[in-house]
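Colleague: I am new to this structure and would appreciate a guided reading. Could you place it in front of us?

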Amino acid sequence: MSSRRVYSETQIHEIAEKLSALKAHPKPERSMSASGAIALMIGEIKALQAKGYSIADIADLLRENDLPISAATLKSAIARAQSTRQSRPRVKTQSRNNKAALKNGDQVASPSISQTQPQGSFDPLSDTDEI
């Protein structure tokens with residue numbers, strides 16, 4: 001015997017009408033840290049700085065408005081918020097081995113040579129007397 005319940009088309013339409021009549025469900029407010037709040041208000045904070053307000057002044061204003069934050073934490077949060085807004089691609093630097101070779105006057109393989117090799121492969125170097 002099957003205990004599977006079957007629904008009539010009328011029942012389905014009634015349920016669908018009830019669902020359609022529901023009001024929008026409010027999204028719960030997102031909680032965030034003081035740093036997250038600073039990131040959201042970075043434009044306003046930078047505008048206050050442009051008007052001559054110091055970090056300490058702004059921290060005082062935030063504390064007066066129920067956002068307890070020290071000047072040091074505010075300064076750090078501003079730096080983080082600005083770095084994420086203005087994130088730039090990282091510039092590749094020379095590897096340690098290349099730097100050491102350049103100091104010793106040795107030749108370093110040119111990047112164009114390594115770019116011609118398929119990814120995940122390498123050319124073994126011949127053995128030397130150095131260990």
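Modeller: The following exchange takes up the fold, the core, a helix pair and a loop residue.

Modeller: This is a predicted model, in which local features need pLDDT of at least 70 and side-chain atom pairs count only at pLDDT 80 or more, while totals for chains, interfaces and linings use all residues. Residues are numbered from 1 along each chain as its sequence is written, and side-chain values use heavy atoms, leaving out hydrogens and water.

Colleague: How many helices and strands does the protein chain have?

Modeller: The protein chain has 7 helices and 0 strands. Helices (H or I, at least four residues) and strands (E, at least two) are DSSP runs, numbered from the N terminus.

Colleague: What share of the residues is buried?

Modeller: Buried residues make up 11% of the 131 residues in the protein chain. Buried means under 20% relative accessible area, exposed over 50%, and partly exposed in between, with a 1.4 Å probe and protein chains only.

Colleague: Which residues have the most contacts inside the largest nonpolar core?

Modeller: They are Ile38, Ile45, Leu62, Leu74 and Ile78, in a core of 13 residues. A nonpolar core is a set of buried Ala, Val, Leu, Ile, Met, Phe, Trp, Tyr and Cys residues joined through side-chain atoms within 4.5 Å. Two or more residues each come from α2 (34-40), α3 (42-50), α4 (55-64) and α5 (71-85), and α5 gives the most, with 4 residues.

Colleague: What does isoleucine 38 touch?

Modeller: Leaving aside residues up to four places away in sequence, isoleucine 38 touches Ile45, Leu62, Leu67, Ile69, Leu74, Ala77 and Ile78. Contact means heavy atoms within 4.5 Å.

Colleague: Turning to helix packing, at what angle do α3 and α4 pack?

Modeller: The angle is about 130 degrees, and the axes of α3 and α4 are 10 Å apart. That makes α3 oblique to α4.

Colleague: Which residues meet there, in α3 and in α4?

Modeller: Ile45, Leu48 and Gln49 in α3 meet Ile55, Ile58 and Leu61 in α4. By class, this contact has 5 nonpolar, 1 polar and no charged residues.

Colleague: A different topic: where is aspartate 66 found?

Modeller: Aspartate 66 lies in the loop between α4 and α5. Its phi is near 65 degrees, a positive value in a residue other than glycine.

Colleague: Is aspartate 66 buried or exposed?

Modeller: Aspartate 66 counts as exposed, because its relative accessibility is 70%.

Definitions and conventions: Axes fitted to C-alpha atoms, helices over the stretch in contact; angles between N-to-C directions. Parallel < 35°, antiparallel > 145°, perpendicular 65-115°, else oblique. Nonpolar A, V, L, I, M, F, W, Y, C, P; charged D, E, K, R; others polar.
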